[in-house]
Amino acid sequence: MTLIAANWKMYKGPAEAAEFCLALREQDLDGVNVVVAPPYVSLAVAVQLLAGTEIGVAAQNVHWEPEGAYTGEISATMLRELGVYGAIVGHSERRQYFGETDELVASRARGALEAGLFVIGCVGETESERAQGKTEEVLRRQVSVFEPDDNFVVAYEPVWAIGTGKTATPELAQEAHAFLKSVLDVPVLYGGSVKPDNADSLLAQPDVDGALVGGASLDLESFTEICRAGARIRS
Ligand code: PGA
């Protein structure tokens, strides 16, 4: 089944997250897997308000140790205690602004999987890497550090398409997804300016197994429309 995941980034504190989750649980989301990833402080309220639904709650990052002297970090064990289902690791904003390396991201994924979380591992080339013809080299390097696992999916998010409105064409996404799967055989979500009006054509590609949605996931109507596109595509 197609997976549609909402990455809220540093948006929606507990009050806004609660309002969104209460409305989301009233939507018809049959035929699609849905996950929301609020900021840490809004995880508890999301877990509480989505309890009893099929909608999963994920963190946007996770530390690999169960506990320790790691100021500012949150462990997978703690997330599990809260009832959190999964975590995103390696988002390009973590790599770009917080210096996260492939190895660090791999540790996060490993620790989270060992603790029983579902993991979305993000990869993607920058505009200049693509312009230099290095896309496959970069994707291979980034995805090779992960190991296949039933609870692991990759999100292909070309950095030049994130928050820019410049979506990859469905053909370009398909090509990158097929390449990633040739290196690591796991489902691959597409991320980068996914909107209701491009979701159908992206999700129609044979190797696009879902979407990781940023900006368009902050609005209930547009996120629900993307979820419905996900339900339509495999039905
Ligand atoms: P966007 O973000 O949909 O706003 O481009 C996607 C992401 O960063 O996960």
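Me: In this predicted model, which residue of β2 does Asn7 stand opposite?
Reply: Asn7 belongs to strand β1, which covers residues 3-7, and this strand is joined to β2 by five bridges in a parallel arrangement. Within that pairing, the residue of β2 that stands opposite Asn7 is Ala37.

Me: How many of the residues of strand β1 are buried?
Reply: On one side of β1 lie Leu3, Ala5 and Asn7, and on the other side lie Ile4 and Ala6, with both faces covered. Since a residue counts as buried when its relative accessible area is under 20%, the strand can be judged residue by residue, and the number of buried residues in β1 is five of five.

Me: In what order do the strands of the closed barrel run?
Reply: The barrel is closed and has eight strands, with parallel pairing between them. From one strand to the next the twist averages 25°. As a rule, strands of a sheet pair through backbone hydrogen bonds, in either a parallel or an antiparallel way. The order here is β1-β2-β3-β4-β5-β6-β7-β8.

Me: Which residue of β3 stands opposite Val35?
Reply: Strand β2, residues 33-37, runs parallel to β3 and is joined to β3 by two bridges. In strand β3, residues 56-59, Gly56 and Ala58 point one way while Val57 and Ala59 point the other way, and all of these are buried. The residue of β3 opposite Val35 is Gly56.

Me: Which residue of β6 does Gly121 stand opposite?
Reply: Strand β5, made of residues 118-123, pairs with strand β6, made of residues 152-156, in the parallel sense and over five bridges. Opposite Gly121, the residue in β6 is Val154.

Me: How many nonpolar, polar and charged residues make up the shell around the ligand?
Reply: The residues surrounding the ligand include Asn7, Lys9, His91, Glu157, Ile162, Gly163, Ser193 and Leu212. Sorted by class, with glycine placed among the polar residues, this shell has three nonpolar, seven polar and two charged residues.

Me: What percentage of the area that the ligand exposes when taken alone does the protein bury?
Reply: Several polar atoms of the protein approach oxygen atoms of the ligand: an N or O atom in the side chain of Lys9 is 2.7 Å from one, a polar side-chain atom of His91 also lies 2.7 Å from one, and a backbone N or O atom of Gly163 lies 2.6 Å from one. Taken alone the ligand exposes 280 Å², and the part of this that the protein buries is 97%.

Me: What is the phi of Lys9, and where in the chain does this residue sit?
Reply: Lys9, one of the residues that surround the ligand, has its place in the loop between β1 and α1, the latter spanning 14-24. Its phi is positive even though the residue is not a glycine, with a value near 50°.

Me: Is Ser193 buried or exposed, and at what relative accessibility?
Reply: Ser193 is found in the loop between β7 (188-191) and α9 (196-203), and its phi is positive, about 55°, although Ser193 is not a glycine. Because the limit for a buried residue is under 20%, Ser193 counts as buried, at a relative accessibility of 8%.

Me: How far does the backbone oxygen of Ala216 lie from a polar atom of the side chain of Ser222?
Reply: Ser222 lies in helix α10, which spans residues 220-233, and this serine counts as buried because its relative accessibility is 13%. The distance between the backbone oxygen of Ala216 and a polar atom of the Ser222 side chain is 2.6 Å.

Me: What separates the C-alpha atoms of Trp64 and Ala76?
Reply: Trp64 lies in the loop between β3 and α3 (76-82), and its relative accessibility of 29% is why Trp64 counts as partly exposed. Trp64 and Ala76 are twelve residues apart along the chain, and their C-alpha atoms are separated by 6.9 Å.

Me: With which side chain does the side chain of Lys134 make a polar contact?
Reply: Lys134 lies in the loop between α6 (127-131) and α7 (135-144), where it counts as partly exposed because its relative accessibility is 32%. Its C-alpha atom is separated by 17 Å from that of Cys122, twelve residues away along the chain. The polar contact, at 3.0 Å, is with the side chain of Gln132.

Definitions and conventions. Residues numbered from 1 in each chain as written. Predicted model: local features only at pLDDT ≥ 70, side-chain atom pairs only at ≥ 80, totals over all residues. Heavy atoms only, no water. Near = heavy atom within 4 Å. Polar contact = N/O pair within 3.5 Å; in protein donor to acceptor, adjacent residues only side chain to side chain. Areas by Shrake-Rupley, 256 points an atom, 1.4 Å probe, with all protein chains shown as cover. Pairing = 2+ DSSP bridges. Helix = DSSP H or I, 4+ residues; strand = E, 2+ residues; numbered from the N terminus. Axes fitted to C-alpha atoms, helices over the stretch in contact; angles between N-to-C directions. Buried < 20%, exposed > 50% of the residue type's maximum accessible area, 1.4 Å probe, protein only.
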